Amino acid sequence: TMTSYGYPVIKDKTSFALVPMNPAIIPAVKASANKHIGVIATEATIKKGMHKQAASNLDPHIKVFGVGCPKFVPLIETGHIHDDAIDEAVQEYADKFKTSDIHSLILGCTHYPIISEVLTKHFGKDVALINPALETAKDAATILTKNNLLNTQKGMEGIITSIFQIVNARTGGFTTVDLSHATYSSLLIICLIMFIGASSGGTGG
C-alpha cells in the first residue's frame with residue numbers, strides 16, 4: 001500500500017535511494033502456464049491497480065485478477081494464524097477466484113506470507129504463492145551494488161562486523177554508519193541502548 005501510494009510521491013525527494021515493493025509479476029508469469037495471475041492485497045492497493053499496470057507493461061496478454069482482503073491484516077496482527085477465523089476469511093476470498101483459473105497468486109501485502117499454509121490449503125497446491133519480498137530484496141541488492149554500498153563480507157567476518165555495529169553504539173557511544181540517514185525510531189533505540197549500557201569510559205558514558 002505504501003509503495004502504491006507513497007513511493008510515487010516521495011521517490012524524487014530524498015537524498016538516498018528508496019526501494020519500492022516489487023510487484024513480482026515476472027515470477028508470477030513464470031509460474032503460470034496460462035498467464036492468469038491472482039493478486040491478494042489491501043483494498044487500497046487493488047484499487048490503485050499497480051499490479052495490473054506492471055503486467056500490462058510487461059505483456060498485454062497477462063490477465064491479473066485482484067481481490068482486496070481487508071480481514072487478513074487485523075486477524076494476523078491479533079494472532080489468528082491457525083484457527084477458524086483465518087480459515088473462513090481465506091475461504092471467502094479464495095471463492096472469488098473460482099472462475100479465474102489462476103496458476104499463481106501474488107501475496108501483495110507483507111503480512112500475507114505468514115499465512116502461506118492456510119492459503120495453500122484453500123487455493124490448492126497447484127497455485128504457486130509468489131512472495132514479492134524475494135524480488136524486492138534482489139532490487140535492493142542491485143541498488144546497493146550500483147551505489148557501491150553493498151556489504152560483500154562473508155562468513156565470520158560479516159558476523160563480527162554486524163556485532164560490532166550493534167554493540168558499538170552502546171559501548172563507544174558512536175557508530176561507523178551515517179546516523180543522518182537513520183529514522184527517528186532507530187535513533188531513539190540507539191539512545192536507549194547507550195543510556196542502559198554505555199561504558200563509563202566511553203563516549204556514551
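Me: In this predicted model, which residues of helix 7 meet Val 118, Leu 119, Lys 121, His 122 and Phe 123 in helix 8?

Reply: To read a helix contact, list the residues on each side. Helix 7 brings Ile 86, Asp 87, Val 90, Gln 91 and Ala 94 to those residues of helix 8. By class, the residues of this contact divide into six nonpolar, two polar and two charged.

Me: At what angle do helix 7 and helix 8 pack, and how far apart are their axes?

Reply: Take angle and distance together. Helix 7 covers residues 84–94 and helix 8 covers residues 116–123. Their packing angle is about 50 degrees, and the axes lie 9 Å apart.

Me: Why are the two helices called oblique to each other?

Reply: Check the angle against the cut-offs. Angles under 35 degrees count as roughly parallel, and 65 to 115 as roughly perpendicular. The angle here is about 50 degrees, so helix 7 and helix 8 are oblique to each other.

Me: Is the crossing of helix 7 and helix 8 left-handed or right-handed?

Reply: Helix 7 passes helix 8 in a right-handed crossing.

Me: Now the sheet. In what order do the four strands stand?

Reply: Read the order in space, strand by strand. It is 2-1-3-4, in an open sheet with parallel pairing. Strand 2 and strand 4 (128–130) are the edge strands, and each pairs on one side only. On average, neighbouring strands are turned by 25 degrees against each other, direction ignored.

Me: How many bridges join strand 1 to strand 2, and how many join strand 1 to strand 3?

Reply: Strand 1 and strand 2 (residues 63–68) run parallel and are joined by six bridges. Strand 1 and strand 3 (residues 104–107) also run parallel, with four bridges. Use Gly 38 as a landmark. Gly 38 stands opposite Phe 65 in strand 2, and its bridge partner in strand 3 is Leu 105. Ile 37 stands opposite Ser 104 in strand 3.

Me: What is the bridge partner of Ser 104 in strand 4?

Reply: Ala 128 is that partner. Strand 3 and strand 4 pair in the parallel sense over three bridges.

Me: How do I read the faces of strand 1, and are they buried or exposed?

Reply: Start with the general pattern. Side chains in a regular strand alternate between the two faces of the sheet. In strand 1, His 36, Gly 38 and Ile 40 lie on one side, with Ile 37, Val 39 and Ala 41 on the other. All are buried, and both faces are covered. Six of the six residues (36–41) are buried, so strand 1 is largely enclosed by the rest of the structure.

Me: Which way do the residues of strand 3 point?

Reply: Ser 104 and Ile 106 point one way, Leu 105 and Leu 107 the other way. All of them are buried.

Me: Last, a loop residue. Where is Pro 70?

Reply: Place a loop residue by the elements that flank it. Pro 70 sits in the loop between strand 2 and helix 6 (72–77).

Me: Why is Pro 70 called partly exposed?

Reply: Buried means under 20% relative accessible area, and exposed means over 50%. Pro 70 has 41%, so it is partly exposed.

Me: What does Pro 70 touch, leaving out residues up to four places away in sequence?

Reply: It touches Glu 43 and Tyr 93. Compare sequence with space as well. Pro 70 and Thr 42 are 28 residues apart in sequence, yet 5.9 Å apart in space, C-alpha to C-alpha.

Notes. Residues are numbered from 1 along each chain as its sequence is written. This is a predicted model: local features need pLDDT of at least 70, side-chain atom pairs count only at pLDDT 80 or more; totals for chains, interfaces and linings use all residues. Side-chain values use heavy atoms; hydrogens and water are left out. Buried means under 20% relative accessible area, exposed over 50%, partly exposed in between (1.4 Å probe, protein chains only). Two strands pair if DSSP finds at least two bridges between them. Axes are lines fitted to C-alpha atoms, for helices over the stretch in contact, and angles run from 0 to 180 degrees between N-to-C directions. Angles under 35 degrees count as roughly parallel, over 145 as roughly antiparallel, 65 to 115 as roughly perpendicular and the rest as oblique. A crossing is left-handed if the near helix is turned anticlockwise from the far one by less than a right angle, and right-handed if clockwise. Contact means heavy atoms within 4.5 Å. Ala, Val, Leu, Ile, Met, Phe, Trp, Tyr, Cys and Pro count as nonpolar, Asp, Glu, Lys and Arg as charged, and the others, Gly among them, as polar.
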